[in-house]
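Please look over the chain shown below before reading on. The paragraphs that follow begin with a single residue and then widen to a pair of helices and to the chain as a whole.

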Amino acid sequence: MWSTRHRRRPWPCGGPPSSADDDGDQATIFAITSCPPSIGGTAVPVKPPLCEERAVHRAALQRTDDEPPMATSTGTEHHHDDHRNHYHNYGRPVLQQHYAFKTVSKKQRSSSAGGKKKSTGNRRRRLTHVLAGIVLGLFVGYTFGGSYGRFRLYAGCGGGGSDGARSGVLRPLQQSSQSHDEDDSGGGRANPMASGATAEGSPESLLFVGVMTANRYLATRAAAVHGTWARRVPGRVVFYSSETSVRPPGAADLPLVRLPTVDDSYPPQKKSFLMLQHMWDNYGSAYEWFMRADDDVYVRPDRLAALLRSVDSRKPVFIGQAGRGNQEEFGLLSLEYDENFCMGGPGVIMSRETLARVVPHIKHCLKNLFTTHEDVELGRCVQKYAGVSCTWSYEMQTILYHNSSGRDAFTGNLKQKEVHRAITLHPVKQHTHMYRIHNYMKGLELQEIHQKKILLHRDVRSMIYQLKSAHPGPSNEFRLTSDSKQLFASRPGSPNYLGDPDLLGLPPGLNKYRPRKVADVIKWDFISKAWYSDTDANPRRRIDSYTKEGLDDVVREVMDLINKFSKQRGRVIDFKEIFYGYQRVNPLFGVDYMLDMLLMYKKYRGKKMTVPVRRHAYLQQQFTGFEVREVLDGSEVKLIAQQQDAEAYDNDDDDAAGSPSRDIVDNDMVRVQDGPPAKHRPDSRAKTVHFVLPLFNRLATFARFVDNYESVCLANGERVTLTVVPFGQATADGAAAAVAQLAGRHPDAQLTVLPDPGVPFARAAALHAGAVHAARPPTDDLLFFVDVDMLWTAATLDRVRLNTVRGHTAYFPIVYSEYDPVVVYGRAAGSPNHFLVNQDTGYWRQYGFGIVSAYATDLTAAGGLDTSIRGWGNEDVDLYEKFVRSRTAASVFRAADPDLVHVYHPVECDAGLPEPKARMCANTRFETYGNVDQFANIIYRNRDAVYEFAASWLRNGSAATVQPPPMQHALALAPRPRV
C-alpha cells in the first residue's frame with residue numbers, strides 16, 4: 001500500500017499537484033508494504049454501479065470509426081489510464097463517480113427553481129423502489145427455497161440477447177454429465193464444463209481461448225502455454241493444429257483439436273477461420289468471450305478477466321491492437337478508409353455476438369481472400385458481417401503489448417513498465433522463457449498478497465486500538481468479548497501464526513523505531529552518483545547492481561502512483577533522475593528512503609506546458625517476514641512431524657507474550673534452524689561425495705589436508721571417497737606414503753592415488769583424470785573438486801549434498817580466504833582459528849570458481865573441462881562459463897560457505913607466465929595481504945618511513961632505485977582483529 005502524507009496539504013486522489021497550483025516544495029511519504037524486492041501496489045478504489053462501469057468501457061471499446069485515434073472519450077481515458085491500477089483492482093474504475101457527480105451538479109444548477117420539490121419526489125420514488133425490491137426478494141427466496149444452485153446472476157445491464165429475446169436477471173446454468181478433455185476429430189460437441197471450475201464447484205464460463213499452433217511446436221511452445229497461463233484462464237483453453245498432428249510424449253492432458261483438411265503451412269488463414277468455426281459449433285453457447293491466440297503469447301488471465309467482466313458481451317465487440325499495415329503495405333491491403341484489423345500476435349478477442357455474426361459467413365470469407373495476412377482477412381470479415389472494427393485506441397498498444405525485438409523479446413530484464421502494465425506479451429519465441437515470465441508474474445501476485453496482508457494488519461490494529469479502552473492488554477491477546485476466542489490464538493512458530501499486529505500493523509513512517517541509546521541509532525547511507533557509507537571498508541563506492549535494481553523498483557512504483565490518475569487530469573509526470581538520497585535498513589521494519597527526484601511535468605490538456613519539477617519523497621519498504629520452504633534434490637520435503645510439532649506448540653498452555661522482535665525471531669529464524677527431529681527428515685547423507693584433488697609438490701600442506709579429511713570425514717563415518725592426482729614422481733611417492741598410513745588407520749576407506757602422468761602440471765587435466773576415475777554410474781557420481789589448501793567441516797559436506805541437484809544445479813561455493821597472518825596477528829605461525837570469519841581475518845573470494853561440486857552427467861552436458869589449459873588458472877572460469885551458457889546442463893548455484901576456508905600461503909608468480917595469468921596471479925597476491933583498514937593503520941603507525949620513501953621516490957624519479965621501508969617491521973605493528 002502506498003500512502004501519502006505532506007507537510008502542508010495532501011495531493012488530491014493520491015497524485016501530485018500540478019505546477020500551476022503548487023508554488024512550494026512538498027514532501028511526500030509513501031509506505032511500500034511488501035518484502036524486498038517486492039514493492040507495494042495501490043489503494044483499492046470504490047466500485048461504482050455495474051451498469052455505469054460497463055457503459056464507460058463500451059465507450060472505450062466501441063468508438064466510432066471516424067473519430068480520430070487520440071480524441072479519446074472520457075470513458076476511454078479512464079479505461080486506458082494507468083491500467084496497472086485498473087486491472088490490479090479487478091476492473092473497478094473510480095472516475096465514473098466523479099463524472100456522474102459533475103453531471104448531477106449541472107442539472108441542479110440548470111433547474112434551481114423547484115429543485116426542492118423535484119428532489120423530494122425522487123427520494124420518494126427511490127424509497128418505493130427499495131421497499132418493492134425487498135418484498136420481491138423475500139418472495140423469491142421463500143418460493144425457491146434451496147434451489148439457488150440452479151441460478152446465477154447474469155452480468156448484464158438490460159438489453160436483448162443475440163437472438164432477440166430479452167435476457168432476464170436470473171438465468172439457469174447449462175448442466176452436463178459428461179466431460180471431454182479434447183475433441184480429436186474436430187467435430188462433435190464437447191462439454192464446456194470440463195475445466196475452469198471455481199472454488200465453489202461451479203464452472204467458469206467467461207472465456208474460451210483457441211491457441212493456434214503447429215505439430216513441431218506441440219512439445220515446446222504449446223506445452224509451455226499449457227503448463228503456465230492456460231491453467232488459470234476463467235474458462236477453457238484448447239490448442240488447434242493440423243489434422244496430421246501427433247500429441248507429444250508426456251502431454252496426455254494437452255487439449256488438442258486436429259482440424260480436418262488443415263495443414264501447418266503459412267499463412268494460416270484456413271486454420272484460423274476453421275478454428276473459429278469449431279469454437280462456435282462446440283462452445284458457442286457456453287462462453288461469453290472468445291479469444292484467438294498464438295502459441296508464442298503470454299496472457300495474464302486475472303487482468304484479462306477484469307477487462308472482459310467490465311464489458312457487455314451481448315454487444316458485438318472486437319478487441320485487439322488495431323492496425324492498418326506498415327508503410328510498405330499501406331494501400332496494398334484493400335482496406336477502406338474506415339477499416340482496420342486487429343493484429344493477431346498479441347491476441348484477438350470477440351464477444352459471443354460478434355462470433356455469432358461472423359461464423360455463418362466463414363466459407364465466403366475463405367473464398368474471397370485479398371491478402372496473405374490472416375489477421376487482416378479476419379478483421380475484414382468481422383467488419384463486413386459483424387459491423388464492428390477493431391478497438392481504435394492507442395492504449396491497446398500497452399494493454400496488448402507487442403515487442404519488436406523478435407526472438408530476443410522478453411529474454412532480458414522483465415522489470416519494465418511495459419511488462420507490468422500489459423495483459424498480453426508477444427512474442428515469446430523461446431518457450432523456456434514462457435516459464436520464466438510465468439514465475440515472474442507469480443512473484444508479482446505474491447507481492448500483492450503481502451500488500452493485502454499488511455493492509456489487513458493495519459486495519460486490525462486500528463480497530464483494536466479503538467476497542468482497547470474496554471479490553472486492555474497486548475494486541476495479540478485481544479478478544480472481542482471476555483467469552484470469545486482470542487483473535488490471534490496461534491503462537492509464534494505455528495503455520496497458522498498471523499504475525500504481531502503491534503509490529504506489522506504500524507502506520508507508515510520513518511519514526512517507527514525509537515533507539516534507547518546512541519549505539520542503537522541506525523545510520524543513513526548517502527546516495528548520489530556513488531554510494532557513501534561509513535560502515536563499509538570503502539566509504540565511497542559505486543552503486544552495486546542489486547542496489548540499483550532496488551532503487552529502480554522503488555522509482556517505478558512511485559511514478560506509477562503519481563501517474564495513477566494522469567489521463568483524467570490531462571497531464572503526465574516522467575522521472576528523469578535522482579539528485580541525491582538517503583537509505584537505511586531497519587531489521588524489524590524495513591528499508592527507508594529519502595529521495596530528491598527531478599521530474600518532468602507535461603500537461604497536454606487545456607494550456608499545454610512542459611516544466612521540470614523537483615520533489616522530495618520519503619519512502620518505506622516494509623518487511624513482512626520470512627517464507628521458508630525446505631527442499632531436497634529439488635523437491636519439497638513433506639514432514640508430518642513438523643505439523644505435529646506445530647500443533648503441539650499451538651496447544652501449549654504457556655501464554656507468556658514476548659516482544660515483537662522476539663516474535664519475529666521465533667516465527668522466522670529459530671524455528672527454521674531447529675526444524676523437526678532428524679529421524680523424520682530424509683537422509684541426505686546417503687549420497688557419496690567423491691573428492692578429486694590435484695597435487696603438485698606441497699607435501700607438507702597435503703599432510704594437513706589428510707588430517708582434516710580424516711577428522712571430518714572418516715572419523716564421522718561420512719560416505720566419501722578420495723582420488724589424488726599427483727604430478728611429479730616425488731609428489732606421487734610422498735602422496736602414496738601419506739595415503740597408505742591413512743588407509744592403515746581406516747581399512748574401509750576408499751582412497752586412491754593415481755600414477756604420475758609424466759607431463760607438466762595442468763589442473764584441468766588433473767581434474768578430468770580424477771573425475772573419470774572417481775565417478776561411478778549415475779545416482780553415485782557426485783564429484784567435489786577441491787584444492788590442497790582447503791579446510792572444511794561436516795556442514796560443508798551437507799551443503800554439497802543439498803545444493804548439488806542432478807539436472808538442476810551445480811554448486812560453486814564462495815570460499816573464505818585468509819589474510820596474511822603477519823598482517824592480522826603480527827606473527828608468521830598461522831591463524832590460531834582458521835574458521836574465525838570476520839572482515840579482519842580474511843575475505844570472500846567472489847571471483848574464485850575453483851571449488852565446485854557437480855554430478856558427472858551434468859559436467860559432461862556442460863562440455864567438461866578444457867584439458868588444453870596448462871598450469872593453474874583459467875580452467876575454473878572456463879568451466880563456470882560453460883555451465884552458465886549451457887541450456888542443457890544444470891544451472892549455477894552460488895552461496896558463501898563459512899565452513900569452507902582457504903588457508904593463507906604466499907603466492908609466488910612464475911616469471912614465465914603469460915600476461916593474463918601473470919596479472920591474475922599478481923591481483924591474487926595483493927588481495928591476500930590484508931584489508932584497507934589494516935594497511936591504513938600500518939601506514940599511520942609508520943608514517944615517517946613512508947614519507948621518507950615517498951620523498952626518495954620523488955627525488956630519484958624512479959621506484960626501481962629506491963629501497964622500500966621495512967614492511968615486515970611495519971606489518972608487525974598491525975592491530976589484532978576483533979574476535
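**From one residue to the whole chain**

Val-824 is found in helix H24, which covers residues 821-825. The model in front of you is a predicted one, and every value given here is computed from it. Is Val-824 buried or exposed? With a relative accessible area of 1%, Val-824 is buried, because a residue counts as buried when that value is under 20%. The position of Val-824 also shows how the chain brings together residues that lie apart in sequence: Val-824 and Gly-930 are 106 residues apart along the chain, and yet their C-alpha atoms are separated by 7.3 Å.

A second valine can be read in a similar way. Val-359 lies in the loop between helix H9, residues 352-358, and helix H10, residues 362-367. Although Val-359 belongs to a loop, Val-359 is buried, with a relative accessible area of 6%. If its neighbours within four places in sequence are left aside, Val-359 is in contact with Leu-276, Gln-277 and Trp-280. Val-359 can also be compared with Phe-273, from which it is 86 residues apart in sequence and 8.4 Å apart in space, taken from C-alpha to C-alpha.

Phe-273 leads on to a pair of helices, since Phe-273 is one of the residues through which H7 touches H11. Two packed helices are described by the angle between their axes and by the distance between those axes. For helix H7 (residues 269-283) and helix H11 (residues 374-385), the axes come within 9 Å and cross at roughly 40°. Because of that angle, H7 is oblique to H11, and the crossing in which H7 passes H11 is right-handed. On the side of H7 the contact is made by Gln-269, Ser-272, Phe-273 and Leu-276, while on the side of H11 it is made by Glu-374, Glu-377, Leu-378 and Cys-381. Sorted by class, the residues in this contact of H7 with H11 are 4 nonpolar, 2 polar and 2 charged.

It remains to step back to the chain as a whole. The chain contains 30 helices and 33 strands, and of its 979 residues 46% are buried, Val-824 and Val-359 being among them. How much of the contacts with a separation of 6 or more comes from residues 24 or more positions apart? Such residues account for 73% of those contacts in the chain. Finally, the chain exposes about 49,900 Å², of which carbon and sulfur atoms supply 55%.

Note on methods: Residues are numbered from 1 along each chain as its sequence is written. This is a predicted model: local features need pLDDT of at least 70, side-chain atom pairs count only at pLDDT 80 or more; totals for chains, interfaces and linings use all residues. Side-chain values use heavy atoms; hydrogens and water are left out. Helices (H or I, at least four residues) and strands (E, at least two) are DSSP runs, numbered from the N terminus. Buried means under 20% relative accessible area, exposed over 50%, partly exposed in between (1.4 Å probe, protein chains only). Contact means heavy atoms within 4.5 Å. Accessible areas come from the Shrake-Rupley method with a 1.4 Å probe; for residues, only the protein chains shown count as cover. Axes are lines fitted to C-alpha atoms, for helices over the stretch in contact, and angles run from 0 to 180 degrees between N-to-C directions. Angles under 35 degrees count as roughly parallel, over 145 as roughly antiparallel, 65 to 115 as roughly perpendicular and the rest as oblique. A crossing is left-handed if the near helix is turned anticlockwise from the far one by less than a right angle, and right-handed if clockwise. Ala, Val, Leu, Ile, Met, Phe, Trp, Tyr, Cys and Pro count as nonpolar, Asp, Glu, Lys and Arg as charged, and the others, Gly among them, as polar.
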